[in-house]
Each structure stands twice: as C-alpha cells, then as structure tokens.
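Please open the model in your viewer and follow the selections below in order.

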Amino acid sequence: MRTALIVVAALAAAVVVDLISGVLVRRVDGGRYRWLLAPLRHTCRRPAAAVLLVGALYYALPLEPGGWQRHLRHAVLVALILSAAWLVTRALHVAEVVAFSRLPGDGVASRRVRRARTQIRPVRRLTVAIVTIVAIGLILITFRPVRLFGVSVLTSAGVVGALIGLSARTALGNAFAGVQVAFADGLHVGDVLVVDGEWGRVEEVKLTNVVIRLWDERMLILPTTYFTERPFQNWTRNESRVIGKIQLHVDHTADLDDLRRETRRLVESSPLWDRGQWVLQMVDSTPQTVVIQVQASAADGASAWDLRCDLREGLMCYLRDHHPQWLPRTRSQYQP
C-alpha cells in the first residue's frame, strides 16, 4: 500500500509539474525567455515524467528487500539511470536547437555564424556520447559480477580502455580530430573547399567525418583526420567572396588590349560579378602560344564557378567569330 501511494503521488506530481510548466510557458508568451522554455518543455516533458515516476518507485521500495523485490528494485534502478540519461540527452538536443535558432539565418555570408554552427554540433554529439558512456558505466556498477568492469568504463581505464584503444582506435582518432577541426578555425559549415581537385561546399561537420556537397551535387564524405593531416584549399575562410580565374591559350599575334576591352564588357554585363575586381594578364608563354589569365570576383563559390564558365565561353566565341587568326596555330617553315 505504501508503494502504491508513493507511485500515485509521483504520478500526480508529474502531472502537476507538467501543468505548472505549461502555465509558465503560456504566461511568458512573447517574453524574452519563451524561446528557451517552450522547446524545453515540449522536448523534455516525457523524460522528466519518467524520471519522477521511476525515482518515486525506487525510493518507495524497501531498502533491503528480499526475494523478487530485490530484483525489482535493481530493475527500477537501471530504469532510473536510463531515464536520467534520456532526460540529459534531450536537454542537450534542446540546447543545440535553441543555439541554432538564436543565430542569424544567413549562414553562408557570415563567418561567425558558420563558425558557431561548426562548433556546436560536434560538442553536442561528444557530450551525448559521454553521457551514454557514463550511463552504461553506472548500470554495470549495479551488477556485482561486473562492478569493476563498470568502474573501468567510468574511469576510461582497464579492459574497456584497452579494447577501445585496440578496436576503436580509428573511430576515436576521428572523434578527436572532429573536435580539433571544429575549434581549429580551419573550415566551417558553408565554406568552399578544394579537396583532391574537387570543388565543393561544406555541408556538415560531424565528429568522425566531414560532408562536402560537390559542384555537381555529389556528396563527398571524408574522415575528419583528412583535414588534420593533409593540405586543402579554403576559398572562403575569411570571407564568402571568391575570385575565379580562367586561362586561355592564344596566338602570339593576339592584341591583349582588344581582349581586355571584350573581357571588360563581358564582366560588367554579367550579373554574377560582384562589382569588385577583375583583371586580364599574360601569365606565361610557350613556343606556340601565350597564356592569358582572367580573374574576376563573385559573391560566393557557386557564382564564381558560373562566372568562370560564362567568361570562358564568351571569350572563345569572340575569338572564333571576330579574330580566328588569334586562335592557337602550329607554324611550319618549308625549306627546299
């Protein structure tokens, strides 16, 4: 009867807490704390009720039960640990969602926003992993035959440490590399990278891998250790603007001033140009041709790619239609 009364009281307390939290959220409707209280109540109401009920049941059972009651108290303790871990992980999820909601929406143009998004998610996943490991260790401690094994899990030593070191060495290395990438300020979500000759934008930074959306919509997934051990190009580390460049081979007789005028017309008429800078230069020469390079700035990586394609096409059409003699030619001299 005592156990039943305590469980009923816990159930009533859970209902009262839920009602009070709902009233508080409604009373602060439009207030400065609603952005936190509303998602916290909506996400954590079930795990919080589970903690209240299971905790009340655990303390309602006798401290030194015998027979089946001892096994029941042990099962309730395990359920209490699991429900507490559930509550903490849901609260961490709410913290991540709330942190993202407080950031400005334009994550590509703002470097600070991209940096925050890159750092928040790996930290939340790492803390969830720590909470899970702690919960597993606490559950193992409740079993007498494997109590030392549970202590090893909590202290990251003993058999579990050896097993992790041998069998999960790569996963742990990627996890620590993910934290290093998040805080090393080398790349952020939304940055434009060139990796192994592939151009793409960082879609997501996880603990163990980085997802890059390539220019042709393919998804390139690389382990985080790649970005701590190998070089890569980051076109938007300091700002989102990208300078695109193209190279063309023309004949030695080509008039570069004429090509500059046409390039200026193409650049200024393109909506992809950000009205920043452009230049045409001769950067190299070969026995058969000279190499001209055109550089023009765009607002982001995607616009820079399209601008490069448009400039390359426009200049080639101009050479073909107006000055075909400036196209690359192979000369030969006949000697009798």
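A patch is made of residues with over 30% relative accessible area and no salt bridge (a side-chain nitrogen of Lys or Arg within 4 Å of a carboxyl oxygen of Asp or Glu), with nonpolar side chains (Val, Leu, Ile, Met, Phe, Trp, Tyr) joined within 5 Å; areas are Shrake-Rupley values with a 1.4 Å probe. The model is predicted: local features need pLDDT of at least 70, side-chain atom pairs count only at pLDDT 80 or more, and totals for chains, interfaces and linings use all residues. Residues are numbered from 1 along each chain, and side-chain values use heavy atoms, without hydrogens and water.

Select Leu126, Ile130, Val134 and Leu138, which make a nonpolar surface patch of about 290 Å². Val134 lies in helix α4 (residues 111-141; helices are DSSP runs of H or I, at least four residues, and strands of E, at least two). Val134 is partly exposed (between the limits of under 20% for buried and over 50% for exposed), at 35% relative accessible area.

Next, select Val179 in helix α7 (residues 169-183). Beyond its neighbours within four places in sequence, Val179 is in contact (heavy atoms within 4.5 Å) with Leu126 and Leu207. Val123 is 56 residues from Val179 in sequence, yet their C-alpha atoms are 7.3 Å apart.

Finally, select Gly244, Lys245, Ile246, Val294, Gln295, Ala296, Ala304, Leu307, Arg308 and Leu311, which line the largest cavity (1 Å grid points where a 1.4 Å probe fits but cannot get out; lining atoms within 4 Å of a point). Strands β6 (242-250) and β8 (290-298) and helix α10 (301-322) each give two or more residues to this lining. The most come from α10, with four.

Methods
Patch = residues over 30% accessible without salt bridge, like charges linked within 9 Å, V, L, I, M, F, W, Y side chains within 5 Å. Buried < 20%, exposed > 50% of the residue type's maximum accessible area, 1.4 Å probe, protein only. 1 Å grid on protein atoms, 1.4 Å probe; cavity = no way out; pocket = protein on both sides within 12 Å on 5 of 7 lines; lining within 4 Å.
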